[in-house]
Amino acid sequence: MQTRATPVSPSSLERFNAAPAEEAVATLLTCLDNRHWAERVASHRPYPDPPSLLAAADEAAYDLSPDDLTAALAAEALPPLPEDMYAAAHTALSAATTAYERRFGHTFVVCLDGLSPGEALDHALAGIRSRLTNDRDEERQVAADELRRLARSRLTDVLQGRGELRERPSTPHTRRTTRSSSP
């Protein structure tokens, strides 16, 4: 369920539907860095409405192969912290993510939409601590769900004009962040 206040612009969906295939795929790759997922979602255009596009994106994310999921998780970056956050928070998150990566072999991913910077930090730290107790298979499912939520959030941003149809950046890892929609 989306709780965003900004309405979806019909022109954003129309532009996405009308974009050349490679442009649509490039835009989708900014949402989830997996070519199979992006091509699958782009190949079903035109979408009649944003919920149809989001449902197709969700379905394609649920169907990621184990190798595709591994590659998509590898492309993700750590959750950002506010610049003015105290050093202890950076240290705590750094230590927790190092332990997580050592245990599970991929970056910790978490969707922080709708949370203030302070809430995002608390949510990320609580989530990582909780998820460190998961076994590998359980955590892979949780990480896949968080990745799907991130892709949905990023795609919603594109549809709401907070992102744009664009060519894929040349340095994918620098553009990949989990983020809060809060200002």
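Trainee: Why is R131 called buried or exposed in this predicted model?

Mentor: The relative accessible area of R131 is 7%. Buried means under 20%, so R131 is buried.

Trainee: What makes R131 and E139 a salt bridge?

Mentor: Their side chains meet with N and O 2.6 Å apart. The cut-off is within 4 Å for a side-chain nitrogen of Lys or Arg and a carboxyl oxygen of Asp or Glu, so R131 and E139 form a salt bridge.

Trainee: And E139, how do you know whether to call that residue buried or exposed?

Mentor: E139 has 0% relative accessibility. Set against the limit of under 20%, that value makes E139 buried.

Trainee: Let's turn to R35 and E22. What makes this pair a salt bridge?

Mentor: The N to O distance between the side chains of R35 and E22 is 3.4 Å. The definition asks for within 4 Å, so the pair counts as a salt bridge.

Trainee: Which parts does that pair tie together?

Mentor: R35 lies in helix α3, residues 35-43, and E22 in helix α2, residues 21-29. The pair therefore ties together parts that are 13 residues apart in sequence.

Trainee: Why are R35 and E22 described as they are, buried, partly exposed or exposed?

Mentor: R35 has a relative accessible area of 38%, and E22 has 47%. Partly exposed lies in between under 20% and over 50%, so R35 is partly exposed, and E22 is partly exposed too.

Trainee: How do you know that R149 and E146 are separated by about one helical turn?

Mentor: They are three residues apart in helix α8, residues 136-159, so about one helical turn separates R149 and E146. Their closest N and O atoms are 2.9 Å apart; with the cut-off at within 4 Å, R149 and E146 form a salt bridge.

Trainee: What accessibility do R149 and E146 have?

Mentor: R149 is at 32%, which means partly exposed, whereas E146 is at 10% and counts as buried.

Trainee: Which residues are joined into one network by salt bridges that share partners?

Mentor: D58, D145, R148 and R152. Across the whole structure, a search finds 10 salt bridges.

Trainee: Good to know! What confidence does the chain have?

Mentor: The average pLDDT is 83, and 79% of the residues score at least 70. Over residues 166-183 the pLDDT is below 50, though the model has 52 contacts for this stretch beyond near neighbours in sequence.

Trainee: Why be careful where pLDDT is low?

Mentor: Because predicted coordinates should not be read in detail there.

Conventions:
Residues are numbered from 1 along each chain as its sequence is written. This is a predicted model: local features need pLDDT of at least 70, side-chain atom pairs count only at pLDDT 80 or more; totals for chains, interfaces and linings use all residues. Side-chain values use heavy atoms; hydrogens and water are left out. pLDDT is the predictor's confidence in each residue, from 0 to 100. Contact means heavy atoms within 4.5 Å. Helices (H or I, at least four residues) and strands (E, at least two) are DSSP runs, numbered from the N terminus. Buried means under 20% relative accessible area, exposed over 50%, partly exposed in between (1.4 Å probe, protein chains only).
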